[in-house]
Each structure stands twice: as structure tokens, then as C-alpha cells.
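Colleague: I'd like to learn how to read a model like this one, feature by feature. Could you walk me through it?

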Amino acid sequence: MSNEQIPTSPAKPALDPTRLGEAPASLLPLTGKMPEAERPEEDEPADYADTFYGQVGGHETFSKIIHVFYQGVAADPLLRAMYPEEDLGPAEQRMLMFIEQYWGGPRTYLEERGHPRLRMRHVPFAVTPEARDHWLAAMRKGVDAAGLSPMHEATLWDYLERAAHSLVNSA
Ligand code: HEM
């Protein structure tokens with residue numbers, strides 16, 4: 001799929017590469033849309049029931065997807081060579097925090113890493129079409145391992161595919 005094929009209808013707006021890391025407003029936790037006075041107290045446990053994150057099983061589900069993905073990265077020489085750290089654990093943790101936040105889960109990524117700025121953060125790496133395809137193949141295994149409902153699976157995969165295509169920065 002080339003960038004030109006990204007759907008542009010209002011139902012599926014094309015991803016704006018500069019806003020790649022921002023969740024659609026409809027997927028954010030309800031608290032994000034509430035006036036300050038009506039929000040739950042800070043010490044109340046967050047309720048993710050009305051977010052995509054909550055609907056697919058929260059932390060357990062995303063940990064599984066990202067863990068299986070990183071097993072794929074570790075086993076793929078092309079991808080493995082791109083990851084600077086010897087220990088893939090910290091990279092796995094960053095990806096997990098990002099994806100959980102994107103789908104309406106805890107905002108830990110923002111607190112620890114700041115704004116995602118995914119395009120900028122990938123500039124040091126030559127993301128070629130070949131690297132993208134390897135990345136997507138590893139992620140496919142992660143998503144398959146989670147056993148999501150067809151609707152959740154399609155929503156998540158659509159995002160991952162479009163995000164991966166828009167992060168290619170090298171021929
Ligand atoms: C297209 C193929 C891709 C390749 C080859 C690739 C490669 C990389 C590499 C080498 C890193 C550095 C690892 C580290 O954190 O130390 C990284 C970081 C990261 N990538 Fe990708 N990536 C790709 C696509 C994506 C996509 C589609 C997303 C999101 C949907 C994504 C999200 C992230 C995040 C959140 C980080 C950590 C950023 C940070 O906080 O420093 N990547 N990626």
C-alpha cells in the first residue's frame with residue numbers, strides 16, 4: 001500500500017503523520033472529556049471500560065501483543081540490527097506505554113517520554129519499505145496472539161498498517 005492509497009473519506013481520515021501518536025478523541029478515557037469539577041478524584045482507580053483499551057482487555061492484552069511483537073523483532077536480523085540497545089526490554093516498555101496510551105489507557109508514556117512525535121523519533125533509523133514489512137509481519141504475530149474480536153482486530157490493524165506506512169523515511 002502506498003501513501004496515496006490511505007483513505008481520505010471522513011469515515012476514515014488519513015493519518016496526519018505529525019499527529020500519529022494522538023488517540024482519536026472518541027477513544028480517550030471519559031475523564032478526558034469531563035469538566036474538571038465532575039472528574040473522579042485522583043486516587044480513584046481509572047475506569048477504562050469505555051475505551052478501546054478497556055474493551056480489548058487492557059494491560060494484559062496489550063502486554064501480550066507487544067511482547068510477541070518484540071520476540072519477532074529479536075528473531076528478525078533486519079529489525080534486530082535497527083534497535084540500538086542490547087536489551088530489548090526498555091524498547092518493549094516504551095512501545096507498550098505508547099500503544100496503551102494511544103488506545104485510551106494510562107497516560108504513562110506522556111509522563112515519562114513527553115509527546116510521542118513518532119516521525120521525529122524514527123528519524124535516526126532508516127525505515128525502508130522492507131523494514132516496514134518486517135515490522136508489520138512481527139506485529140501481525142502479536143495481534144494474532146491476542147485473539148481479539150474481528151471488529152477490534154480490524155480497527156487495531158488498520159491503524160498499525162497506516163502508521164507503519166506513514167513512518168517510512170528511507171527508500
Ligand atoms: C515501520 C516500521 C518501524 C520500524 C522499523 C521501527 C523501528 C523503531 C526503532 C528502531 C525504534 C527505537 C527503539 C527504542 O525505543 O530504543 C523505535 C521506537 C519506537 N517506535 Fe518504531 N518502528 C516502526 C514503526 C512504528 C510504528 C508503526 C509505531 C506506532 C504505531 C512505532 C512506535 C514506536 C515507539 C512508541 C517507539 C519508542 C519512542 C520513544 O519513546 O523513544 N514504530 N521504532
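Modeller: Sure, and let's begin with burial. Gly58 has a relative accessible area of 8%, so Gly58 counts as buried. Keep in mind throughout that this is a predicted model.

Colleague: Why does 8% make Gly58 buried?

Modeller: The general idea is a cut-off: buried means under 20% relative accessible area, exposed means over 50%, and partly exposed is in between. Gly58, with its 8%, is therefore buried. Gly58 belongs to helix H2, which covers residues 58-75. Its C-alpha is 7.8 Å from that of Tyr48, with the two positions 10 residues apart in sequence numbering.

Colleague: And Glu60 in helix H2, is that residue buried or exposed?

Modeller: Exposed, because Glu60 has a relative accessibility of 70%, and the cut-off for exposed is over 50%. For a sense of place, Glu60 and Ala146 are 86 residues apart in the sequence, while their C-alpha atoms are 9.3 Å apart.

Colleague: How should I think about burial for the protein as a whole?

Modeller: Take the share of residues that pass the cut-off. Here 37% of the 171 residues count as buried. Ala131 is a good case: its relative accessible area is 4%, so Ala131 is buried. You'll find Ala131 in helix H7. Its C-alpha lies 6.6 Å from that of Leu79, and the two are 52 residues apart in sequence.

Colleague: What about the overall fold? How many helices and strands are there?

Modeller: Eight helices and zero strands. Read from the N terminus on, the order is α-α-α-α-α-α-α-α.

Colleague: Where do I look for backbone angles that deserve a second glance?

Modeller: Scan for a positive phi in a residue other than glycine. Arg117 is such a case, with phi near 40°. Arg117 sits in the loop between H5 and H6. With a relative accessible area of 45%, Arg117 falls between the two cut-offs and so is partly exposed.

Colleague: Now the ligand. Where does the ligand sit?

Modeller: In the largest pocket. The elements that contribute two or more residues to the shell around the ligand are helices H4 (89-102), H5 (108-113), H6 (118-122), H7 (129-146) and H8 (150-166). Helix H4 gives the most, with four residues.

Colleague: How many residues surround the ligand, and which are the closest?

Modeller: There are 19, and the closest are Arg94, Tyr109, Arg113, His122 and Trp135. Sorted by class, the shell holds 14 nonpolar, one polar and four charged residues.

Colleague: Arg113 is on that list of closest residues. Where does Arg113 lie, and is Arg113 buried, exposed or partly exposed?

Modeller: Arg113 lies in helix H5. Its relative accessibility is 36%, so Arg113 counts as partly exposed. The C-alpha atoms of Arg113 and Phe98 are 9.2 Å apart, with a separation of 15 residues in sequence.

Colleague: Which donor from the protein does the iron atom of the ligand have?

Modeller: A single one: NE2 of His122, 2.0 Å away from the iron. To find that histidine in the fold, go to helix H6.

Colleague: And how do I read the polar contacts to the ligand?

Modeller: Look for pairs of N or O atoms, one on each side, and check the distance. In Tyr109, a side-chain N or O atom is 2.5 Å from an oxygen atom of the ligand. For Arg94, a polar side-chain atom is 2.8 Å from a ligand oxygen. Trp135 pairs with a nitrogen atom of the ligand instead, and there the distance from its side-chain N or O atom is 3.3 Å.

Colleague: Let me recap the ligand site, then. The iron has His122 as its single donor from the protein, and the ligand sits in the largest pocket.

Modeller: Right, and H4 is the element that gives the most residues to the shell.

Methods: Residues numbered from 1 in each chain as written. Predicted model: local features only at pLDDT ≥ 70, side-chain atom pairs only at ≥ 80, totals over all residues. Heavy atoms only, no water. Near = heavy atom within 4 Å. Polar contact = N/O pair within 3.5 Å; in protein donor to acceptor, adjacent residues only side chain to side chain. 1 Å grid on protein atoms, 1.4 Å probe; cavity = no way out; pocket = protein on both sides within 12 Å on 5 of 7 lines; lining within 4 Å. Sits in = over half its atoms within 2 Å of the grid points. Nonpolar A, V, L, I, M, F, W, Y, C, P; charged D, E, K, R; others polar. Donors = N, O, S within 2.8 Å, 3.2 Å for Na, K, Ca; no water. Buried < 20%, exposed > 50% of the residue type's maximum accessible area, 1.4 Å probe, protein only.
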